[in-house]
Amino acid sequence: MQSTAAILFSLVLITAGILYAALRKQLSNTASLSFSSLATVVIFTLASGVWFVLKNELPSPPLAKAPLTIEQVMEDKQRQLTDSPNDANAWFELGQLYMSQYEFDSATTCFDYAIRLSKVPYAGQFSALATAQYYQNSQTITSDVRRLLDMTLEMDPFNETALQLIASDHFMSARYEQAIVHWTMMLDSGRLGVDRAKVISSINQAQSFIR
C-alpha cells in the first residue's frame with residue numbers, strides 16, 4: 001500500500017511538472033507568477049496528504065515480551081497436563097523443570113509418570129529418574145538407582161546423563177580411576193552434546209589426586 005501511494009505521488013508530481021512547463025510558456029509573466037504560486041500550493045497539499053497517509057500506515061513496532069519466569073513455565077506445563085494428563089512428554093518436561101529447582105521428590109514423580117505413560121520408554125527417561133532419585137537420597141546410588149542406571153546403559157551404553165552420574169559418584173567417593181574410566185567413555189562416544197572441555201577438566205582433576 002505504501003509503495004503504491006508513493007508511485008502515484010511520483011506520477012502526480014511528474015504530470016504537474018509537465019503541465020506547469022507547458023502552460024507557463026503560454027502565460028504572461030503576471031499570469032505565470034500566479035500560476036506558479038497556485039502550483040506550489042497544490043503540490044505542497046498533495047505532498048502533505050501523501051505523507052500523512054504513509055505516516056499512518058507505518059506499523060507500530062512490536063512490544064517486546066518479557067521472558068517467562070520458571071514459575072510461569074511450570075504453571076503452563078501443569079495446565080497442559082490438566083488438559084492432557086496422559087502426555088508422557090509433558091510429564092518429562094515438568095520433571096526437568098522440577099530438577100532445575102532442586103525439587104527432587106516432585107521430579108521423581110514426574111519422571112516415573114513419563115515412563116509409565118510411554119509406549120516405549122527410552123534411555124533418557126530412565127537416566128533422568130535415576131538422577132532424581134540419586135539426589136533425592138542425598139547423592140547415594142541405592143539399589144533402585146543402580147537398577148535404573150543399568151537399564152539405561154543397556155539401552156544406550158554411552159548415555160551422557162548416566163555416565164556423568166556414575167563418574168561424579170566415583171569421584172566424590174575418591175574412586176578416581178573409575179571416575180576417569182566413565183568420563184573417558186563420554187569422550188569416546190563422539191556425541192556432539194558432550195561438553196568435552198568440562199569432561200577433560202574433570203579427568204585432569206581426578207588424575208591430579210592419583211599422583
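Read along the sequence, the protein chain of this predicted model follows the pattern α-α-α-α-α-α-α-α-α-α. Its secondary structure thus comprises ten helices and zero strands. Of the 211 residues in the chain, 30% are buried. The chain exposes about 13,700 Å², and carbon and sulfur atoms supply 60% of that area. Among contacts with a separation of 6 or more, 45% join residues that lie 24 or more positions apart.

The largest nonpolar core has 27 residues, and those with the most contacts inside it are Leu94, Tyr98, Met99, Ala107, Phe111 and Leu149. Six helices each supply at least two residues of this core, as listed below.

| Helix | Residues | Supply to the largest core |
|---|---|---|
| H3 | 70-83 | at least two residues |
| H4 | 88-100 | at least two residues |
| H5 | 104-117 | at least two residues |
| H6 | 123-136 | at least two residues |
| H7 | 143-155 | at least two residues |
| H8 | 160-172 | at least two residues |

Helix H4 gives the most to this core, with seven residues. Tyr98 is in contact with Met74, Gln78, Glu103, Ser106, Ala107 and Cys110, when neighbours within four places in sequence are left aside. A second, separate core has 13 residues, including Ala167, Ile180, Ile203 and Ala206.

Lys77 is found in helix H3. The relative accessible area of Lys77 is 14%, which is under 20%, so this lysine counts as buried. Not counting residues up to four places away in sequence, Lys77 touches Ala90, Glu93, Leu94 and Leu97. One of these partners, Leu94, is also listed with the residues that have the most contacts inside the largest core.

Key. Residues numbered from 1 in each chain as written. Predicted model: local features only at pLDDT ≥ 70, side-chain atom pairs only at ≥ 80, totals over all residues. Heavy atoms only, no water. Helix = DSSP H or I, 4+ residues; strand = E, 2+ residues; numbered from the N terminus. Buried < 20%, exposed > 50% of the residue type's maximum accessible area, 1.4 Å probe, protein only. Contact = heavy atoms within 4.5 Å. Areas by Shrake-Rupley, 256 points an atom, 1.4 Å probe, with all protein chains shown as cover. Core = buried A, V, L, I, M, F, W, Y, C linked by side-chain atoms within 4.5 Å.
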